[in-house]
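Trainee: I am new to this structure and would like to look closely at a single part of it. Could you choose one helix and take me through it slowly, together with what lies around it?

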Amino acid sequence: MTQDTARVVRRALVLVVALAGCSGDAPATGTTLAQIRARGEIQWAADLQGGEPYTYEDPADPTHVIGFEVDIMDAIARRLGVRSHMVQYNWSNLVPSLERGDFDIAMNGLEATGERQQRILLSQPYFVYAEVLAVRADSPVRSLFELSGKRVATLNQTFAHDILRMIPSIEPVLYEGNDEPYRDLEQHRVDGVLLDNIIADRYGCNSKHPRIKCLQPEVARGTYVIGIRKNDGELQHALDDALAAMRADGELEKILRKWNLWDARQLDAPPVAATETRGRDFDGGMLWQFVSAAGVTLELTLLAFLLAVPIGLVLAIARVYGGGIVGGCARAYIELFRGTPVLLQLFVLYYGLAPYYSLGPMTAAVLGLGLNYGAYEAEVYRGALLAIPRGQTEAAQALGLSPAQTLWHVLLPQSLRLALPPMTNDFVSLLKDSSLVSVITVIELTKRMTIAAVDMRGWLVPGIACAVMYLALSFPLSELARRLERRLARDPRPQAL
Amino acid sequence: MIRVRKLSKRHGATVVLRDVDADVERGETIAIVGPSGGGKSTLLRCLNFLERFDEGEIEIARIKLAATTRYEGELLQLRARVGMVFQQFNLFPHLTALDNITLAPRVVRRIERSAAERRARELLARVGLADRAGAYPHELSGGQQQRVAIARALAQDPEVLLFDEPTSALDPEMRDEVMGVIRDLAATGMTMLVVTHEMQFASDIASRVWVIDRGTIAEDGAPATVIAEPKTEVAREYFRRQRGSMSR
């Protein structure tokens, strides 16, 4: 690197750091409690995807949000003399968004951990849960330690995830929804599920799922608490007073009984769980994790593209030369796969298809991305085929070439050259779209970055590392395509204007 | 060699060819002339079935074509026996001159590469391009491209060669080299039909001249007769205009 470029890079980095610094604005002045009173409303954040019984849409009236947390918050708000107003936030972002001041408090199965205590204030517990390990009914496993070397499912950023990471030989598999881990346990895609007993009781350990058993004794015990911003001690006291009063006059027990959540554990809340409170550094181990995640991204992209190209070719040929029925089928395929989100297609392939045919996460990811991109490639090749002058086909026909020979020897080689720039485009775009497959538990580069960001308590370093890796993958690919293009272009001069 | 009976073709309401009857003997060279839009190119393209027709029948190189003919083995045989040279050359831009010529022999007739290349080099020498075998079309002048196209058509060992305005897309100084090649071919006794606007060329090479106008053969006879003493008004008018443009 020359001195000049080094200087430019350094300046760009300074700019990035400066911009990142700007985003950490402090919340508006005045204590949150005073604002709540003035507003007459307490805004609390939860994620409806957390599902029943926490905070979820009423199946009888989806405009209505219900759950035991809704009932508890209604009671607290009443005791504070204000209205309760729930706002939807992605669960993984509850704490960062709270810190940013997007809402007053976060309340959604937030476990009291030492790590969280470092960042935000925690209220007194409103629920005592147990971490429960579920395995298949025919499994000989009796404790977490026997799952060494196996895949164990849990939700991202939960206390259960912290527990799994304390046993390095276990491979944690991260999910966003409550139901999927147990379905994948039944499908043999994972060998155990470690989650809170509320989730375990409803989604795995009950008579509806005879192929799953939940092990006794429970792995750990913890509490759900309300998250409050660091400087809102006043609000913390108000909430704690309200919760203590609800405990004393039996309202909390009444609510938990109504939701069938009351048990002996509620009488004996454990202390805040000790978890590692210091963020990880970007060390050699993490660098290696990034490199292997980049390997997964590259493998996914290459395999999916290798699938997309032949699919696209067949579809394009079917559309251009197939006539009514064949061309119509090709068009239907293209409209279906191009007109629906690839995320949906991945869900259907991985979870929707599972009861009939269980695909591995990598297979489903390659298949999903390949089928989807095949539709885009088809239109690229169709455009390229149509751009070749008619005289080429006529010359080939006059020479006695059959339609297949004309296609193979005359039209396809020429359309490849025309298709190469848009194909390169699609390839780079696929490289980035491959991050979507984290929804079916594949840990690729972007997912690795979000995990690292949580571990390191910051987005900047993992973000830059992630960006550098994507560029390191995409740049050589576009360079390769450029060279190929130049080799194919017999007359590389652009047309004069 | 060629027999055309009651050949008709329409584009919607427009009649392009109307009940055309024609015969060509082996070794004849026919110059096809006439005003633009008269149906010259269409007739030529019907002869090797690049274009379908609506009524009538064609027998060419012992192969019978009718309006109902589908794409089958017979058609492939027809294309093997009838070569075509286009106004825009239509060389394959991704192949060298040599590969343009050997493609059909290798792919259609399954001739070995070495044999096909030996023959292709002979043909290139014959059209005066022995040293340009490795050139891509964009590296050749228009006249050179058209000569490669002629060599490509000859590589099929056709019994009939069709030329669709072979010099119209060329600058005047390149026409001579192409016309020279066609002239030499005529001398070898190849059966040829040439659509052209070059009157001198037509009278030099043709055994007969057809004047085609509004979908019919208006005049058919030896060049000396047809060009010097046209019987129809349309032919007189056409030749007068051609001479006018030549003298300019």
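Mentor: What follows is a walk along one helix of chain B, then through the sheet of that chain, and at the end a short look at the contact between the chains. Please keep in mind throughout that this is a predicted model.

The helix is α6 of chain B, residues 172-187, and its 16 residues reach 23 Å from the first C-alpha to the last, which is close to the 22 Å expected at 1.5 Å a residue. The residues of α6(B) that are buried are B:Arg175, B:Val178, B:Met179, B:Val181, B:Ile182, B:Leu185 and B:Ala186. If you look down the axis of α6(B), these buried residues fall within an arc of 155 degrees, so they line one face of the helix. On the other side of α6(B) you will find B:Glu173 and B:Ala187, which are exposed. Just after the helix comes B:Gly189, which takes a positive phi of about 90 degrees.

What covers the buried residues of α6(B) includes the strands β3, β7 and β8 (191-195) and the helices α5 and α7 (199-205), each of chain B. The three strands just named bring us to the sheet, since β7, β8 and β3 of chain B appear in its order, β6-β7-β8-β3-β9-β10, an open sheet of 6 strands with mixed pairing. At its edges stand β6 (82-85) and β10 (216-221) of chain B, each with a single partner strand, so that one side of each is left without a neighbour in the sheet. From one strand to the next, the twist averages 20 degrees.

Within this sheet, β3 (residues 29-33) and β9 (residues 208-213) of chain B run parallel and are joined by 4 bridges, and B:Ile32 stands opposite B:Trp210 in β9(B). Helix α5 of chain B, residues 142-154, packs on the sheet, where it touches β6 and β7 (160-164) of chain B, and its direction makes about 170 degrees with that of β6(B).

Finally, chain B also touches chain A, in a contact that takes 19 residues from chain B and 17 residues from chain A. On the side of chain B that touches chain A, the elements giving two or more residues are α2 (73-81) and α3 (97-107) of chain B. By class, that side of chain B has 12 nonpolar, 6 polar and 1 charged residues.

Key: Residues are numbered from 1 along each chain as its sequence is written. Chains are lettered from A and ligands numbered from 1 in the order in which they are written. This is a predicted model: local features need pLDDT of at least 70, side-chain atom pairs count only at pLDDT 80 or more; totals for chains, interfaces and linings use all residues. Two residues are in contact if their C-beta atoms, placed from the backbone, lie within 7 Å. Ala, Val, Leu, Ile, Met, Phe, Trp, Tyr, Cys and Pro count as nonpolar, Asp, Glu, Lys and Arg as charged, and the others, Gly among them, as polar. Two strands pair if DSSP finds at least two bridges between them. Axes are lines fitted to C-alpha atoms, for helices over the stretch in contact, and angles run from 0 to 180 degrees between N-to-C directions. The expected span of a helix is 1.5 Å times one less than its number of residues. A residue is buried if 20 or more other C-beta atoms lie within 10 Å of its own, exposed if 12 or fewer, and partly exposed in between; C-beta atoms are placed from the backbone. The arc is that of the directions from the helix axis to the C-beta atoms.
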